[in-house]
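Reader: I am new to this one and would like to understand the terms used for it. Could you take me through them?

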Amino acid sequence: MVCFLYQNQTNRHVIIGKISKNEARVKFDEVIHCNNCGKQVPGGLQTGKSYYQTKPFEIELEQFKKSYLCGICRDKNRLENKKSD
Ligand SMILES: [Zn+2]
């Protein structure tokens, strides 16, 4: 799956979609739950103004929410992937 997101552990807004270099950004909040443990996570997101609320944006947002893992579950996944190498 192609993914444009840059995750971090703080409360800064996570970038999804595309933002051109000098483009205005739209910040918005979504209710997001970890798809593994169900924990609600801070859903502060941002994207480029021209991309916001377009069809590709809606699709990407859905994909993002469907595949989201919290930091703890992501770390677990990483460890498990290592084991199976
Ligand atoms: Zn989790």
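Reader: What makes E1, E5 and E2 an open sheet, and in which order do they lie?

Author: Happy to help! In this predicted model, the three strands follow the order E1-E5-E2, with mixed pairing. Strand E1 (14–15) and strand E2 (25–29) are at the edges because each has a single partner strand, which leaves one side of each without a neighbour in the sheet.

Reader: How do you know that E1 pairs with E5?

Author: A pair needs at least two bridges, and two bridges join E1 to E5, which run parallel. Ile-15 stands opposite Gln-46 in E5.

Reader: And what joins E2 to E5?

Author: Five bridges do, and here the strands run antiparallel. Asp-29 faces Gly-44 in E5.

Reader: Why is Gln-53 called exposed?

Author: The cut-off for exposed is 12 or fewer other C-beta atoms within 10 Å. Gln-53 has 12, so it is exposed. You will find Gln-53 in the loop between strand E5 (44–48) and helix H1 (55–67).

Reader: What is notable about phi of Gln-53?

Author: Its phi is near 65°, a positive value in a residue other than glycine. Most residues other than glycine have a negative phi.

Reader: How do you know that the length of helix H2 agrees with its number of residues?

Author: H2 (residues 71–83) has 13 residues, so at 1.5 Å a residue it should span 18 Å; the end C-alpha atoms are 19 Å apart, which agrees.

Reader: What makes H2 hardly covered?

Author: Buried calls for 20 or more other C-beta atoms within 10 Å, and the count of buried residues among the 13 of H2 is zero.

How values were computed
Residues numbered from 1 in each chain as written. Predicted model: local features only at pLDDT ≥ 70, side-chain atom pairs only at ≥ 80, totals over all residues. Helix = DSSP H or I, 4+ residues; strand = E, 2+ residues; numbered from the N terminus. Expected span 1.5 Å × (residues − 1).
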